[in-house]
Amino acid sequence: MKSKQKFYWLIDLIWTKSLLNLKSEASRNVLSYVWWILEPFLYMLVFYVVFEMLLNRGGENYTTFLIIGLIPWMWFMKSVSGSSSSIINSHALITQIKIHPVIFPLTIVVQTLVKQIPVFILLIGFVWLQGFEPTTNWFWLIPITILELIIIVIFSLVVAALIPFVRDLNYLVPTGLTFLMFMSGTFYDYKNIGEQWQDVFLMNPMAYLIKCYRDIFFNTEAINTYNLSVWFLISITLLIMTLHLFRKLGSILPKLTIQ
Amino acid sequence: MQPLIELKDVSLQYKIKGNIFTKNKYYDALKNINLKIYPGETIGIIGKNGSGKSSLLKILSGVIQPTSGEIINHGASTSLLTIGAGFDNNLNGRDNVILNGMLQGLKSQEIKSKLNEIHDYSGLGDFFFKPVRIYSTGMRARLGFSISIHINPDVFLIDEIISVGDQDFKQKSKKTIYDKLKLLKSIVLVSHSTRLINEMCDKKYQIKDGILKSI
């Protein structure tokens with residue numbers, strides 16, 4: 001196959017596999033596709049009960065604030081944790097069919113993205129219902145979401161490629177993600193931390209993204225185009241490097257999954 | 001005639017043990033294997049469990065790279081036939097055919113246009129539209145075999161598969177294999193059954209402890 005044809009075939013394969021995986025996943029549960037909405041809702045409920053009801057820490061519009069932080073976070077978390085063992089879990093396939101291992105984490109990314117779409121629509125509807133009227137500022141959601149997707153792809157691919165080398169890393173993924181969640185201001189405002197730390201804090205891509213989502217929805221601060229461009233530049237460079245790394249690892253990874 | 005696939009001094013090692021407390025231990029699955037596969041050949045490889053049969057097929061299909069030595073593929077496509085590895089148990093036969101076909105290199109339209117043919121050939125009837133988890137081993141094998149046959153590779157790599165399935169399907173799959181041979185497709189069949197190899201193959205090898213010998 002020519003490389004262009006091969007590229008289309010790869011996209012076609014990842015898309016078909018994602019949809020069939022979603023179908024397979026839904027067929028196992030009684031509530032089927034309802035879980036796409038129910039699961040993020042339950043997750044948010046936990047934070048709501050703890051911070052708003054028990055600790056009374058919320059303040060005005062805390063629910064909305066929480067949702068805007070947690071939904072983009074969950075998208076990231078699910079993609080990365082799902083991708084982490086995707087290659088070793090596919091050992092039966094990779095060792096039978098000559099296929100590039102990159103499709104397994106990418107399928108998880110696409111699958112999670114598809115599930116994320118209705119959740120994002122509900123998020124937008126919810127924020128609107130809370131009285132935050134959409135402004136032209138909301139158009140910034142498009143580049144911010146794209147940036148998050150690029151960052152998700154980088155993290156998912158790197159984690160998926162490392163785990164076949166050192167399986168132990170699999171234990172670190174949940175802990176690492178929990179740490180990152182606490183470091184990203186998912187349920188608190190970064191402005192509450194010491195001022196000297198704020199710049200460092202925002203170097204964490206998820207902290208930066210969550211700040212941007214809140215600025216956009218609450219219309220508090222305009223997006224700084226210079227900062228955003230720097231983020232795009234860095235992440236696209238890292239993405240290219242990651243894809244290059246995968247090209248090289250393609251023939252090594254299958255053997256690692258069986259030894 | 002140029003061979004489709006050539007193995008030159010191929011060795012394969014797996015790491016079986018080794019962490020910060022123990023020394024690394026390796027296992028030689030294949031030792032200095034030389035093999036040439038020409039168009040239209042049926043090669044039979046007899047070996048017991050653990051002799052390196054399946055590792056050899058994995059090398060031939062290009063799934064695993066040898067630790068040392070060289071594999072030269074002169075542009076031949078391969079398909080490794082095993083008993084439905086990689087099927088998603090929750091999906092029905094049809095969806096699994098689409099997925100498996102695409103994984104083996106077909107475009108979605110290509111595999112979709114072959115669905116009816118594959119359905120007929122498999123002889124699975126209504127089961128084709130039921131989840132694969134309720135299939136028997138024989139039914140999974142039929143589905144796997146039917147897919148690979150319709151993918152039409154230059155070299156079929158067959159791991160025991162024909163010994164599964166009922167008498168009718170065995171006959172049918174043998175006939176298909178003979179038909180493929182007429183089209184100058186090559187076949188590598190590994191089995192522990194000497195009878196099957198004698199019956200079907202014109203070049204015979206034995207593999208023992210990773211060493212391949214002509215018989």
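**Entry 1: helix α1(B)**

I started with the residues of α1(B), in what is a predicted model. I went through the helix and found Lys53(B), Ser54(B), Ser55(B), Leu56(B), Leu57(B), Lys58(B), Ile59(B) and Leu60(B) buried. That is eight of eight for the helix, which spans residues 53–60, and I noted it as mostly covered. I then looked at what follows α1(B): Gly62(B) comes after it, with a positive phi near 85 degrees.

**Entry 2: strand β3(B)**

Next I asked myself how many residues of strand β3 of chain B are buried. I got five of the five, over residues 42–46, so I put the strand down as largely enclosed by the rest of the structure. Then I sorted the side chains by direction. Thr42(B), Gly44(B) and Ile46(B) point one way from β3(B), while Ile43(B) and Ile45(B) point the other way. Both sets are buried.

I looked up the partners of β3(B) too. With β7(B), residues 186–191, the strand pairs in the parallel sense over five bridges. In that pairing I found Ile43(B) opposite Val188(B). With β8(B), residues 203–208, β3(B) is again parallel, over four bridges. Two bridge partners I jotted down there: Lys204(B) for Gly44(B), and Tyr205(B) for Ile45(B).

**Entry 3: the sheet around β3(B)**

I wanted the strand order, so I traced the sheet across. I read β5-β6-β7-β3-β8-β9 in chain B, an open sheet of six strands with mixed pairing. Which strands stand at the edges? I found β5 (78–81) and β9 (211–214) there, each with a single partner strand, so one side of each has no neighbour in the sheet. I also took the twist: neighbouring strands are turned by 20 degrees against each other on average, direction ignored.

I checked what lies across this part of the sheet. Helix α5(B), residues 137–151, lies across β5(B) and β6(B), the latter being residues 155–159. I noted that α5(B) runs at about 170 degrees to β5(B).

**Entry 4: α4(B) against α5(B)**

Staying with α5(B), I looked at its packing with α4(B), residues 115–122. The angle came out at about 135 degrees, with the axes 9 Å apart. That makes α4(B) oblique to α5(B), and I logged the crossing as right-handed.

For the contact, I listed Glu117(B), Ile118(B), Tyr121(B) and Ser122(B) from α4(B). They meet Arg142(B), Leu143(B), Ser146(B), Ile147(B), Ile149(B) and His150(B) from α5(B). I sorted the residues of this contact into five nonpolar, three polar and two charged.

**Entry 5: β4(B) and β1(B)**

I moved on to β4(B), residues 68–73, and asked how many of its six residues are buried. The count is zero, so my note here just reads "hardly covered" for β4(B). I found β4(B) joined to β1(B) by five bridges, with the two strands running antiparallel. One of the residue pairs I wrote down is Lys8(B), whose bridge partner in β4(B) is Glu70(B).

**Entry 6: where chain B touches chain A**

β1(B) turned up again when I looked at the contact between the chains. I noted 24 residues from chain B and 21 residues from chain A in this contact. On the chain B side, β1 (5–17) and α2 (93–103) each supply at least two residues. Which element gives the most to that side? I have α2(B) down for it, with five residues. I also split the chain B side by type and got eleven nonpolar, eight polar and five charged.

**Entry 7: α3(A) against α7(A)**

Last, I turned to a helix pair in chain A. Helix α3(A), residues 62–84, packs with α7(A), residues 141–162, at an angle of about 25 degrees, and I put the axes 8 Å apart. That makes α3(A) roughly parallel to α7(A). I marked this crossing as right-handed.

From α3(A), I listed Pro72(A), Trp75(A), Phe76(A), Ser79(A), Val80(A), Ser83(A) and Ser84(A) in the contact. Their counterparts in α7(A) are Glu148(A), Ile152(A), Phe155(A), Ser156(A), Val159(A) and Ala160(A). By type, I counted eight nonpolar, four polar and one charged among the residues of this contact.

Technical notes
Residues numbered from 1 in each chain as written. Chains lettered and ligands numbered in written order. Predicted model: local features only at pLDDT ≥ 70, side-chain atom pairs only at ≥ 80, totals over all residues. Buried ≥ 20, exposed ≤ 12 C-beta atoms within 10 Å, placed from the backbone. Pairing = 2+ DSSP bridges. Axes fitted to C-alpha atoms, helices over the stretch in contact; angles between N-to-C directions. Parallel < 35°, antiparallel > 145°, perpendicular 65-115°, else oblique. Left-handed = near helix turned anticlockwise from the far one by under 90°. Contact = placed C-beta atoms within 7 Å. Nonpolar A, V, L, I, M, F, W, Y, C, P; charged D, E, K, R; others polar.
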